[in-house]
Amino acid sequence: MEVSPLSEPVLKVENLRKEFGGLVAVKDVSFEVGPGEFIGLIGPNGCGKSTTFNCISGLLDQTAGSIEIFGKDASNMRPDQIQNLGFTRTFQHTRLWRQMTVIENLLVPPRDQFKPNPFASILQLSSSAEEERLARAYDVLEQLEVPHMAHNLASELSGGQSKLVDIGRSMMGDPKLLLLDEPVAGVAGPLAMKIFNNLRQIVDETGISVLIIEHNMDFILRQGVDRIVVMNEGEILMVGTPDEVRSNREVIEAYLGAAGDESGGEEE
Amino acid sequence: MFILILFLAWLPIAESDDFRFKKVLQVSNVLLTLSIFILMSFSLNLHTGYTGMVNFGVIFFVAIGTITVGILTAPENLHGYDWAILPAVLIALLLAAAFGWALAYPTARLRTDYFAIVTISLGEIVRVLLAGEPLLRVGAVGNAIGISSYPLPFEDMWFCGSETSGPDTNWVSPDACRDDPNLTDTPAYLIGEWLNLGEPAPYMFLLMIMSVVAVILVWILLNRILSSPWGRILKAIREDEEVAQHHGHDVLTHKAASLALGASIAALAGAFWAWKLTGFEPSFMSPARSTFLVWAAFIIGGTSNNRGMVVGAFIIVLMEFVFNVLVAGQGSTDLPLHTTAARIDSLFEWLILSPWEVASLFLVASFVGFAIRSERILETGLAGVAIFSFTAVALGQRSIDESFFGGVVTADMLYFKLFLIGCLMLFSLKFNTKGLLPEVPVRPERPNGGESVE
C-alpha cells in the first residue's frame, strides 16, 4: 500500500471505497501516479479495477475516500469537468460513436472547440482552427498506422482497429493523464504488442502519464511498464516494478495463478 | 425531387373561369404547407436525428409559436395585446427556446423512450389547455373557442401598397383595398397582372414566398451549424452520450441548446401556421394532423439528413393534397379525380359488404404462397383471411346501417389517407430503414496546409 511518488503526483487516490448496496466493490484503495509514468493496474476478475476507474473518471460517485487530479479535488466533479482537467479514459468495451466516420470520432474530443467565441465556432466563422484540428487528427491516425481507415464508419472497424481508434480519440483530447481499460483485450498478439509499443512511444515522447488496466499478468510484465499496481478483492496487494512483482511470485500465484494467466477472458 | 415538382404542377383543380387564380392559390397553399412541414421536420431532425432525443412533441413547440403570435398580435378590444408582428414573432421564438432549454433539465436522466412520452404528453397538455381555457379565446367575436382576427404580416402592404388601411382611412381593412379597383400600384395587383390572373394575387402567394425564404434561411443556418464542431458533438451525444461526456463535453448543456434551437425552428413553423390558418382552434394540433405526419416525413425522408426531410415532407404534403382533392371528388362528378374516388369507394364497399369473398381471395393467395413456398405471401394471405373472417363474423347488417348513413358505404378519405401513410411508413421501416436519403457520413480530407508527421 505504500507508494513512492516520483514528484508531484498527477493522480492521487486515497482510501477509495465504493459500495453497491451491500456489496463492497472497492474496499480501500490508495495509490499515486506521477508525471510521465506508465503504470499497469492488474488483478483478477471482479477485483474492483474497473470500478476504481469509474470512480476516478466521475462515472460513479465513491462511497468514501478522495481523488485528486493535478492537485485538484475531483471527488464531486462531472466526467466532462474531469476531462477538462486533462484526463481521458477509455472503456473496457470499446465504445466508438458508431455511425460517425473515424476522422469525425477523432474530431470530437479536442477541448478548445468553442474558443474564443462559441457562436463564431458554431457558425464556422473561422476555418483555420478547424483545419489545424483536422491535420492533427490525421497525424494521430498516422501515428497509430491506420490513416487508411479515416473515412470508414466506426461501425465498420474490426475489434483491434476500434481499440486503436479509441486510443487515438483519447489522444485528441490532449490528456496529461490517460486511463486505458484493457486496451488489448481480445486483440491478437502482434497487434497488442504494437499497441503497447505505441503507448510506450507516446509516453516517452510527450511525457504524459498512462494508467492501464490489464488482467493478463504475463503480458504486462513483458511490456516494460514503469510500475505495477496489483489489486485483489477491492484492495491494493502491492505496488512495485515489474521485477518486484515477478519476484513476489508466491503472492502472484496465490491471487492470480488460476485466473490471471488465462488470456482473453473478460472482466465483468 | 424533380418528379415531385412535376407532380405539383399536375395537381388537378376544377376547370372554371378563374382557373389561373385558383391554380396559383392551390400551388401557393401546397408550397406554404410544405414549408411549414419542412420547418417542423428540420426541428424534429435536429432533436431526434442529430441529438438522439426521441421527440414526439414537435407540435408542443409549434403550438407555442402559433399561440404566442396569435395572442400577442390580436387586437386589444378582442382580448389580444395588439403587438406588432415582428416583436411578437421574436418573443414566440425566444419563449419556445426557453421552454426547450428548460425541458432538458427535468428530462436529463430519462432514456429515449421516456423522453418521448414526456414530449408527447406536453403537446397534449397544451392542446387540452387551449380547448378549455377561456383566456385563450382571443380575437374571436362571440363565444367561439380559439384564436383569430390577428393581423397577417405585410397583408396591408400587399393589398394596399403605399396606402394604409384601418378604421380612419379610406379602406377599412386590407380586404377592402383588394376589392377597390382603383388601387393599381399595389404588389398584389402588379403580381396578379404579371401572372395574368385577372385580379390581385392572393395573400397566400406572399405568405408562401416568405415561408420559402424562411425555409432556405433555416436550411443554410442548420447546414452551417451541423457541420460545425457543435454538430459533431451532437452526433456523438446521439451515438453514446456517456462517452461524449467522458470526452469533455457537458452533455446536458448541449442537449438543452439543441432542444432550444429546434424549438425555435418549430415555433417559426408555428407562426407561419397561424398566418396560414388566419384563425385556429385546438384541433389544428391533433397528433394525427401534425406530429405523426412530421414523423412520417422524418422516417420516409431519411433520418439525419435535411435533404431527406424536404423530400419526406414533400411526399406527405402532396399526399395530403391529393386526398383533399379526392374528398372533393367524392361529392361531385364535375370535379377532378372523381373516377378515382369512385373506384376507391367501390373497393371499400366490396371490402365491407362481402368480407367472405375477400377472405376467400386471401385464402387462395395463401395456398399459392404455400405452393410456391413463399413464406411472405403465405403469411400475408393468412393474415388477410383472419382479418376478413373476423370482419364477416363481427359486422352485421345493423352495424353497417348504423355506421353509414342511408346504407351507402363510402370510404372516409381522411382515414384512407392515414392508412396509406401508415403503409408507407411500414414499407419504409421494413425495406428502407434509413429512409430515402440516409445520413451522409462526414469525410473531411486532410487539409493541404498540414504536413504529415512520420
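Partly exposed means a relative accessible area between the buried limit, under 20%, and the exposed one, over 50%. All views show a predicted model.

**View 1. A:Gly224, a partly exposed loop residue.** A:Gly224 sits in the loop that links α8 (217-221) to β9 (227-232) of chain A. Its relative accessibility is 39%, so A:Gly224 counts as partly exposed. Beyond neighbours within four places in sequence, A:Gly224 contacts A:Phe38 and A:Arg200. A:Arg200 is 24 residues away in sequence, with a C-alpha to C-alpha separation of 8.2 Å from A:Gly224.

**View 2. A:Lys18, buried and without a salt bridge.** A:Lys18 belongs to strand β1 (residues 11-20) of chain A. The nearest side chain of opposite charge is that of A:Asp61, 6.7 Å away. The backbone of A:Asp61 is another matter: its oxygen lies 2.7 Å from a polar atom of the A:Lys18 side chain. Residues up to four places away in sequence aside, A:Lys18 touches ten-odd partners named here in part, including A:Leu23, A:Val26, A:Cys55, A:Leu60 and A:Thr63.**View 3. The largest nonpolar core, with 112 residues.** B:Phe42, B:Phe272 and B:Trp275 touch the most other members. Helix α14 (residues 306-331) of chain B gives the most to this core: 15 residues. Domain 1 (15-153 + 182-284) and domain 2 (338-431) of chain B each supply at least three residues.

**View 4. Contacts of B:Phe42.** Neighbours within four places in sequence are left aside. Among the residues in contact with B:Phe42 are B:Val215, B:Trp219, B:Ile265, B:Asn306 and B:Met309.

**View 5. Another core, apart from the largest one.** This core has 45 residues. Among them are A:Val165, A:Met172, A:Leu178 and A:Ile228.

Technical notes
Residues numbered from 1 in each chain as written. Chains lettered and ligands numbered in written order. Predicted model: local features only at pLDDT ≥ 70, side-chain atom pairs only at ≥ 80, totals over all residues. Heavy atoms only, no water. Core = buried A, V, L, I, M, F, W, Y, C linked by side-chain atoms within 4.5 Å. Buried < 20%, exposed > 50% of the residue type's maximum accessible area, 1.4 Å probe, protein only. Helix = DSSP H or I, 4+ residues; strand = E, 2+ residues; numbered from the N terminus. Domains from an automatic or database assignment. Contact = heavy atoms within 4.5 Å. Lys, Arg positive; Asp, Glu negative; His and termini not counted. Salt bridge = Lys/Arg side-chain N within 4 Å of Asp/Glu carboxyl O. Polar contact = N/O pair within 3.5 Å; in protein donor to acceptor, adjacent residues only side chain to side chain.
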